[in-house]
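Please look through the sequence and the 3D structure below before reading on. The paragraphs after them are meant to be read with the structure in view.

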Amino acid sequence: MANLTEKELSALEDQLQFEQVLIKKYKSYAGLAQDPQIRDVCNQLANQHKQHYDTLMGHLQ
């Protein structure tokens, strides 16, 4: 891991929290959607944000 400044770590933490919120929201929307196409889009978006989260976490290792 590269040495990150406090500001960079703070920004990374904020972005991780933002990605977690989006994952939860899209999963919730998918659970509420009655239209299968909308449900699929919401699940795809949740998965996309999970990948973003995982990528960001990779920068902390």
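What follows goes through the helices, then the core, and then some single residues.

The model shown here is a predicted one. Begin with helix α1, which covers residues 6-32. Helix α1 has 27 residues, and the distance from its first C-alpha to its last is 39 Å. That is close to the 39 Å expected at 1.5 Å a residue. Helix α2 covers residues 36-58. What span should the 23 residues of α2 have at 1.5 Å a residue? The expected span is 33 Å, and the end C-alpha atoms of α2 are 33 Å apart, so the two values agree.

The N-terminal end of α2 has a cap, and the residue that provides it is Asp 35. A side-chain oxygen of Asp 35 lies 2.7 Å from the backbone nitrogen of Gln 37.

Next, consider which residues are buried. In α1 these are Leu 12, Leu 16, Glu 19, Leu 22, Ile 23 and Ala 30. The cover over the buried residues of α1 includes α2. In α2 the buried residues are Cys 42, Ala 46, His 49, Tyr 53 and Leu 56. Their cover, in turn, includes α1.

In soluble globular proteins, nonpolar side chains tend to be buried together. Which residues make up the largest nonpolar core here? It consists of five residues: Leu 12, Leu 16, Ile 23, Tyr 53 and Leu 56. Both α1 and α2 give two or more residues to this core. The largest share, three residues, comes from α1. One of the core residues, Ile 23, can be followed through its contacts. Leaving out residues up to four places away in sequence, Ile 23 touches Ala 46, His 49, Lys 50 and Tyr 53.

His 49 is a residue of helix α2. Is His 49 buried or exposed? Its relative accessibility is 13%, and the cut-off for a buried residue is under 20%, so His 49 counts as buried. Not counting residues up to four places away in sequence, His 49 touches Glu 19, Leu 22, Ile 23 and Tyr 26.

Glu 19, one of those contacts of His 49, lies in helix α1. Glu 19 is buried, yet has no salt bridge. Where is the nearest side chain of opposite charge? It belongs to Lys 50 and is 10 Å away from Glu 19. A salt bridge requires the charged atoms to be within 4 Å, so a separation of 10 Å does not meet the cut-off. Apart from neighbours within four places in sequence, Glu 19 is in contact with His 49, His 52, Tyr 53 and Leu 56.

How many salt bridges does the structure hold? There is one. It joins Lys 50 and Asp 54, whose closest N and O atoms are 2.7 Å apart. Both residues lie in helix α2, four residues apart, which is about one turn of the helix. Lys 50 has a relative accessibility of 38% and therefore counts as partly exposed. Asp 54 also has a relative accessible area of 38%, so Asp 54 is partly exposed. Lys 50 can be related to a residue far along the chain as well: Lys 50 and Gln 20 are 30 residues apart in sequence, and their C-alpha atoms are separated by 7.6 Å.

Two further residues show how distance along the chain can be set beside distance in space. Gln 15 is in helix α1, and with a relative accessible area of 31% it is partly exposed. Lys 27 is also in helix α1. The relative accessible area of Lys 27 is 52%, and the cut-off for an exposed residue is over 50%, so Lys 27 is exposed. Gln 15 and Lys 27 are 12 residues apart along the chain, and 18 Å separates their C-alpha atoms. Lys 27 and Asn 43 are 16 residues apart in sequence, while their C-alpha atoms are 6.2 Å apart in space.

Key:
Residues numbered from 1 in each chain as written. Predicted model: local features only at pLDDT ≥ 70, side-chain atom pairs only at ≥ 80, totals over all residues. Heavy atoms only, no water. Buried < 20%, exposed > 50% of the residue type's maximum accessible area, 1.4 Å probe, protein only. Lys, Arg positive; Asp, Glu negative; His and termini not counted. Contact = heavy atoms within 4.5 Å. Core = buried A, V, L, I, M, F, W, Y, C linked by side-chain atoms within 4.5 Å. Expected span 1.5 Å × (residues − 1). Polar contact = N/O pair within 3.5 Å; in protein donor to acceptor, adjacent residues only side chain to side chain.
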